[in-house]
Amino acid sequence: MINQPRIKTVFISTLLFSMLVCTFFSERSLAFVVSKTESTGAEIKWQIPSETYYVNASGGPSGSLSAVQAALQTWTEVPSSSFVFLYGGLTEKVCYDVNLDPDHERGTYDDPGDYGLNDGLNIICFGHMDNVVENDDPDDLHTLAENTIWYDRYSGKIYDSDIQMNINFSYATGGSASSYDVQSLATHESGHSLSLGDLYGASEVEKTMYGYGTKGDISKRTLHQDDIDGIAYLYFSITGTATSVTSASARLSGSVNPNGSATNYLFQYGTTTAYGSSTSSLSAGSGTGFVTVYSDIAGLSAGTLYHFRIVASKATRIAYGEDMTLITQGPPEAKTSPATAIKFSSASGVTSSSAHLNATVNPYGINTSYYFEYGLTPYFGLITPSAQAGDGYAEVQVSTLVTGLNPKSTYYFRISATNAEGSSYGETMTFSTMKPRPMPWLRLLLLDEEQTGVVPTSPDPNDVPPR
Ligand SMILES: [Zn+2]
């Protein structure tokens, strides 16, 4: 897995009730706005099919948790979009709190209240934002809510999105005419979390992504068709899984939503995230709703990790699914580990005539059996009974007990594992058994016998040693 450059970049979208400010670098398309990176023009969006969010309802009006959950569920339930918001639970974390930012300098990261953290934990919370006008920026007074989104400045991949409702304003959950509606604003803000930008056209007042809030307005709880088109535009393909994986081939699957226009798809694959190979482009049709698509790939190397993703394209644009991986079946990989001698006491003393022979075996997806070779020379001569290491794709630890070893001897051993693709031998290792040692202690039993007086007896191996 290649680590993409992860750059701490913040853009803030502000929902204003009187000021027009759009801090997105955005491109107008159809009837919605998609956020894009400044340097590459890539769409800023989640590159995973779902994202978990946490709520800190403290400071919000009663019913805030339910209102926030309903807001995010509204986006999840859009059938033409693949994206899913998952509720992860309550949190005590905050996004921005002016009381935790005494110097009132946003984005300097010198106070815990500066911004939410780019910690991969998406939070939605309520708190006081700065109500002091600084640097003649009147937004300080007029921001109802803000969304801080961290994304990769080249690929547009979103890492974290934190939403804060500014409780310097009055919020309500019951549609009060004198307060802002939590669910309406949370729906708008979570639209930003998905990459949709603010709209300010006079004809766009009915859209959830309209950039001004109005007291008592609950209409933004419900998505306008343009809001729905926006999220369907962004999240119209999703990489599935690899099935029928063999040592040389696999079936790659995914889902594509043509959403009414002719859509093609292909899969890119390769041993790195640069991919390098692709399947031929096929049609996913022009229907509405998601269709499951797949392509078979062949000519793969055995026992190798491959990356793959779906690429869906329409006339004017292209959408990349999340990177996924598969491992082809292959011959096992066996590694010998140090043996563990078993020490025990007998009448003749401490010895080690037994040992556990240890190893790790990666079956590479195929039923794999193993045994140990061992003996007094590098040519071994003895083998343990065959045992099973399963058919997984991860190393498993295996161990076999051997007994009847000679004392004070050096033994050679190694692991041997076999499956339908081939065999693997671990390196030869050695271990030594101990020379029998006499008991380190003896018992002197003194018996005061009636006739003969004190008589010493021989040691008894069952005795407890003296302390
Ligand atoms: Zn907004």
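**Close-up views of a predicted model**

**View 1. The zinc site.** With angles of 53 to 138 degrees among its four donor atoms, the site of the zinc ion is irregular. Keep in mind here, and in the views below, that this is a predicted model. The coordinating atoms are NE2 of H188, NE2 of H192 and, from D198, OD atoms listed twice, at 2.0 to 2.7 Å. For four tetrahedral donors the ideal angle would be 109.5 degrees. To find the donor residues along the chain, look for the spacing H-x3-H-x5-D. Are H192 and D198 buried or exposed? Both H192 and D198 are buried.

**View 2. Helix α4 and its surroundings.** This view follows helix α4, residues 225-234. Seven of its 10 residues are buried, so the helix is largely enclosed by the rest of the structure. Which residues of α4 are the buried ones? They are D226, D227, G230, I231, A232, Y233 and L234. When tracing them, it helps to recall that an α-helix has 3.6 residues a turn, so residues three or four places apart point the same way.

**View 3. A three-stranded open sheet.** The strands run in the order β11-β12-β16, and their pairing is antiparallel. At the edges stand β11 (237-243) and β16, each with a single partner strand, so one side of each has no neighbour in the sheet. From one strand to the next, the twist averages 25 degrees.

**View 4. The pairing of β11 with β12.** Here we zoom in on one pair of strands from the sheet. How many bridges join β11 and β12? Five bridges link β11 to β12 (residues 250-256), in the antiparallel sense. As a landmark, start at I238, whose bridge partner in β12 is S255.

**View 5. T304 in its loop.** T304 sits in the loop that connects β16 (291-297) to β17 (305-313). With a relative accessible area of 19%, T304 falls under the 20% cut-off and is therefore buried. Which backbone oxygens lie by its side chain? One belongs to A302, 2.9 Å from a polar atom of the T304 side chain. Another is the backbone oxygen of S301, which lies 3.3 Å from a polar atom of that side chain. Leaving aside residues up to four places away in sequence, T304 touches T271, L326, I327 and T328.

Key:
Residues numbered from 1 in each chain as written. Predicted model: local features only at pLDDT ≥ 70, side-chain atom pairs only at ≥ 80, totals over all residues. Heavy atoms only, no water. Helix = DSSP H or I, 4+ residues; strand = E, 2+ residues; numbered from the N terminus. Buried < 20%, exposed > 50% of the residue type's maximum accessible area, 1.4 Å probe, protein only. Polar contact = N/O pair within 3.5 Å; in protein donor to acceptor, adjacent residues only side chain to side chain. Contact = heavy atoms within 4.5 Å. Donors = N, O, S within 2.8 Å, 3.2 Å for Na, K, Ca; no water. Tetrahedral: all angles 85-135°; square planar, octahedral: opposite > 155°, others 65-115°. Pairing = 2+ DSSP bridges. Axes fitted to C-alpha atoms, helices over the stretch in contact; angles between N-to-C directions.
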